[in-house]
Amino acid sequence: MDERGFEQVRSRLGGVSRRDFLKFCTVMAASMGLPLELAPKIAEAITSPKRPPVIWLSAQECTGCVETLLRANHPTLETLILDLISLDYSETLSVGAGHQAEEFRAKSIAENQGNFILVVDGSIPTKDGGVYCKVAGKTVLDILNETAPKAAAVIAMGSCASWGGIPSAAPNPTGAKPVHEILAGKNIAVVNIPGCPPNPYNLLSTVLYYVTFKKLPTLDDKMRPVFAYGRLIHENCERRPHFDAGRFAKEFGDEGHRQGYCLYMLGCKGPETFNNCPTLGFGDIGPGTWPVGCGHPCFGCSEQGVGFTEPLHSPARPIYVTPPTFFAKTEKDEGEGATVLAAAVAGVAIGAGVAALGMGANKKNQD
Ligand code: SF4
Ligand code: SF4
């Protein structure tokens, strides 16, 4: 990174020091699982005067995925959006509106054909020709089908875009589908960044990876970046020592809950969910700032179907239900000591099994 490049980025980033900027690049390299020696290469890509163009389409969504972007701080997402990338179109964040915004979207797509990143949040309604979600008189289904083939890559942001999410829950009145299903068979690169909401740094890292290396990061068998979704929540959870020792909260607000014990008995899906929430946190306000850290069980938002639509495993698994069923049976029949031991053994087995499956899938994608 030469001095001129840094000075340009400094003015864009609001006077950030060179040291802090390089630190940021090092953190980003680490979060992507890259050797730290690659931090200068990331810095070089960021300081390029040509910012990567991004078109952001919103389909059937609650705006939580956009809202989560506004909660990041390193750099602030305003900085990311306005200075590191060129956000040429977003229904929520664009300054322009109406015809002006639509014209700018068309212009950016024409000028950056094959080079822009298309981000989509929300699921795509397909029933009745997709009439249940329209922007500027056009269905989002048509807009996606027209825009995606011209993009360098498509990022499905959040669980609705990745899996269908809440809008696709039975009886799925709008025929909601995830982005990758709409684009299947069209030879278009799609990355899923699931979560409800997803962590904004996983989007930031994916975009930076693409900008730096001109290719997408390694994906797992569900098209998720391995650097973000390669580990189970359970592997890095700060409550894990309680799990291993058989100390569980049994009800919200009970003594175990107040003591910070494991939330497995309250329905925690951490042993089956791949995501980096425990290591990344949310909101940049210190350690423990993630759902489990704050006392709520993980409900597996980054896994397909858990809690929202289809069960991950049979029988059905609503958010606060704690299978396996033998867990409750053991407690009733044999007392608390046997219960916690059985739970720990079962949970470890589940975690190990799912981890082995996930690692296998990840390995397959890397080969
Ligand atoms: S079951 Fe949930 S709360 Fe308990 S250690 Fe695993 S991830 Fe943490
Ligand atoms: S802790 Fe679980 S439910 Fe919460 S955001 Fe992370 S993966 Fe999703």
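This report walks through a predicted model of one protein chain with its ligands, from the overall fold down to single residues.

**The chain as a whole**

Let's begin with the broad view. The protein chain holds 17 helices and nine strands. Of its 367 residues, 51% are buried. If you take the contacts between residues at least 6 apart in sequence, 73% of them join residues at least 24 apart. The accessible surface of the chain is about 16,700 Å², and carbon and sulfur atoms account for 56% of that surface.

**Around the two ligands**

Ligand 1 has a shell of 13 residues, and the closest of them are H234, C237, C262, L263 and C268. Two helices, α12 (233–236) and α13 (240–245), each supply at least two residues of this shell. Sorted by class, the shell of ligand 1 contains nine nonpolar, two polar and two charged residues.

H234 is worth a visit of its own. This residue sits in helix α12 and, with a relative accessibility of 9%, counts as buried. Apart from neighbours within four places in sequence, H234 is in contact with R240, F243, G270 and P271.

Now for ligand 2. The residues surrounding it are I233, T273, N275, C277, F282, W290, P291, C298, F299, G300, C301 and S302. In this shell there are eight nonpolar and four polar residues, and no charged ones.

**Two helices with a buried side**

Helix α2 covers residues 18–31, which is 14 residues. At 1.5 Å a residue, α2 should span 20 Å, and its end C-alpha atoms are indeed 20 Å apart, so the two values agree. Which residues of α2 are buried? They are F21, F24, C25, M28 and A29. These five cover an arc of only 140° around the axis, which puts them on the same side of α2. The spacing makes sense in general terms: an α-helix has 3.6 residues a turn, so residues three or four places apart point the same way. On the other side of α2, R19 and K23 are exposed. After the helix comes G33, which has a positive phi near 70°.

Helix α3 (residues 39–46) can be read in a similar way. Its buried residues include A39, I42, A43, A45 and I46. They cover an arc of only 160° around the axis, so they lie on the same side of α3.

**Two buried residues and their partners**

L118 lies in strand β3, which runs over residues 117–121. With a relative accessible area of 0%, L118 is buried. Leaving out residues up to four places away in sequence, L118 touches I55, L57, L144, T147, A148, A151, A153, V154 and I155. One of these partners, A148, is 30 residues away from L118 in sequence, yet their C-alpha atoms are 6.8 Å apart in space.

N112 is found in the loop between α6 (98–111) and β3. Its relative accessibility is 9%, so N112 counts as buried, the cut-off being under 20%. Not counting residues up to four places away in sequence, N112 touches K50, P53 and D88.

**Backbone details to look at**

A few places in the backbone deserve a glance on your screen. As background, most residues other than glycine have a negative phi, and most peptide bonds are trans. Where is the cis peptide bond? It runs from C196 to P197, with omega near 5°. P197 lies in the loop between β9 (190–193) and α10 (200–213).

Two residues that are not glycine have a positive phi, and the table sets them side by side.

| Residue | Phi | Loop | Relative accessible area |
|---|---|---|---|
| A136 | about 50° | between β5 (134–135) and β6 (138–139) | 59%, exposed |
| M223 | about 65° | between α10 and α11 (226–229) | 25%, partly exposed |

**Pulling it together**

For a quick tour of the structure, you might start at H234, one of the closest residues to ligand 1. From there, look at I233, which is among the residues around ligand 2. Then turn to α2, with F21 and F24 among its buried residues and with R19 and K23 exposed on the other side. End at L118, the buried residue that sits in strand β3.

How values were computed
Residues are numbered from 1 along each chain as its sequence is written. Chains are lettered from A and ligands numbered from 1 in the order in which they are written. This is a predicted model: local features need pLDDT of at least 70, side-chain atom pairs count only at pLDDT 80 or more; totals for chains, interfaces and linings use all residues. Side-chain values use heavy atoms; hydrogens and water are left out. A residue is near a molecule or strand if one of its heavy atoms lies within 4 Å of it. Helices (H or I, at least four residues) and strands (E, at least two) are DSSP runs, numbered from the N terminus. Ala, Val, Leu, Ile, Met, Phe, Trp, Tyr, Cys and Pro count as nonpolar, Asp, Glu, Lys and Arg as charged, and the others, Gly among them, as polar. The expected span of a helix is 1.5 Å times one less than its number of residues. Buried means under 20% relative accessible area, exposed over 50%, partly exposed in between (1.4 Å probe, protein chains only). The arc is that of the directions from the helix axis to the C-beta atoms. Contact means heavy atoms within 4.5 Å. Accessible areas come from the Shrake-Rupley method with a 1.4 Å probe; for residues, only the protein chains shown count as cover.
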